[in-house]
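Work through the exercises below with the sequence and the model in view, and try each task before reading its solution.

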Amino acid sequence: MKLISICPSNTELIAYLGLTTSLIGVDNYSDWPEEIKQLPKLGPDLEIDMDKVEKLHPDMVLASLSVPGMDRNIMELEKRNIPYVIVPNPQTLQEVGDCLLFVGKATKTEDKAKQVYEKFLGILEYFHSLSNQVDTSKTLYWEWWAKPIFTPGAGSWLTELSKLAGGRNIFEDRVESSVQTDWEDVRLRNPDVICVVWVGVQKNKVNPQVILKRPGWEDIKAIQNNQLYILDEPLFCRPSPRLLNGMAKMGYLLHPEIYPKYHDGNDLLL
């Protein structure tokens, strides 16, 4: 089956099911696993070049509606009669696991999908047991974007990930999945840890001075205790099983006495 993925999280789901060799093209932002980097690039996920897609004659395109504006891709696929499926947009880690089953069914690899899914659930259960050993959860501020400030709320998987890593999202009182706020609100909530994961921005291009120049930054516990982390955005901001690796990384950062050491590059599912 010749597959095309036009969303990074879909590309990663395909990889976990062992179908990377079936991929014939991906969106510009798909960057994992390493072997897909040589595939034809079909444009940014919001501006897919459908002429290129059509010329590749895929048996199936794995599309998404996880970002506003992606519906234009669906309209073009419909218009050109290109076969596709829309992978569900998960909000919880359980739903991320469910996407493995969805893609497995769509690609006729149900047995493999069930195996990976069971392992996925087992890892979640293991981290749940570790989180139960934490006496005092550290408060976390996740920064998704800097100007204006966006941070995840209760409806985001990062709130759940925080709990499983022995932390607590300081904006879990907001029901939205994405909260627009301001620095004064963050400062007053006074987090123990600041986690910077600017969506779509590589770790080495994030300038921490953007945060350290904000008024009153020196009063925040996270800054006083040197607990500001610039993290690998794909491990936290894409709805794929790689979120498990982000969870493992955070657990060790927050509570190394409880959580096993996470080595960058390791993958809990592979």
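**Exercise 1. Find the loop that holds P148, and describe the peptide bond that leads into P148.**

Step one is to place the residue: P148 lies in the loop between β5 (138–143) and β6 (149–152), where strands are DSSP runs of E with at least two residues, helices are runs of H or I with at least four residues, and both are numbered from the N terminus. Step two is to look at the bond itself, since the peptide bond from K147 to P148 is cis, with omega near -5°. Step three is to find another such bond: W32 and P33 are joined by a cis peptide bond with omega of about 0°, and P33 sits in the loop between β2 and α2 (50–56).

Before going on, note that this is a predicted model, in which local features need pLDDT of at least 70 and side-chain atom pairs count only at pLDDT 80 or more, while totals for chains, interfaces and linings use all residues. Residues are numbered from 1 along each chain as its sequence is written, and side-chain values use heavy atoms, with hydrogens and water left out.

**Exercise 2. State in which loops N81 and K108 are found, and whether N81 is buried or exposed.**

Begin with N81, which is found in the loop between α3 and β4 and has a positive phi of about 55° although it is not a glycine. At 68% relative accessibility, N81 counts as exposed; exposed means over 50% relative accessible area, buried means under 20%, and partly exposed lies in between, with a 1.4 Å probe and protein chains only. Then turn to K108, in the loop between α4 and α5, whose phi is near 60°, again a positive value in a residue other than glycine. K108 also counts as exposed, because its relative accessibility is 65%.

**Exercise 3. Give the strand order of the open sheet, and explain why β2 and β4 each have a side without a neighbour.**

First, the sheet has 4 strands in the order β2-β1-β3-β4, with parallel pairing; two strands pair if DSSP finds at least two bridges between them. Next, β2 (23–26) and β4 (84–87) stand at the edges with a single partner strand each, so one side of each has no neighbour in the sheet. Then follow the bridges: 3 of them join β1 (residues 3–5) to β3 (residues 60–64), where L3 stands opposite M60, and 3 bridges join β1 to β2, where the bridge partner of I4 is G25.

**Exercise 4. Name the buried residues of α5, and explain why they lie on the same side of the helix.**

Start with the helix as a whole: α5 (residues 110–131) has 22 residues and reaches 31 Å from its first C-alpha to its last, close to the 32 Å expected at 1.5 Å a residue, the expected span being 1.5 Å times one less than the number of residues. The buried residues in α5 are A113, V116, Y117, F120, I123, L124, F127, L130 and S131. They cover an arc of only 140° around the axis, which puts them on the same side of α5; the arc is that of the directions from the helix axis to the C-beta atoms. On the other side of α5, D111, Q115, E118 and E125 are exposed. Finally, the cover over the buried residues includes α1 (8–16), α4 (93–106), α6 (157–164) and α11 (243–254), with contact meaning heavy atoms within 4.5 Å.
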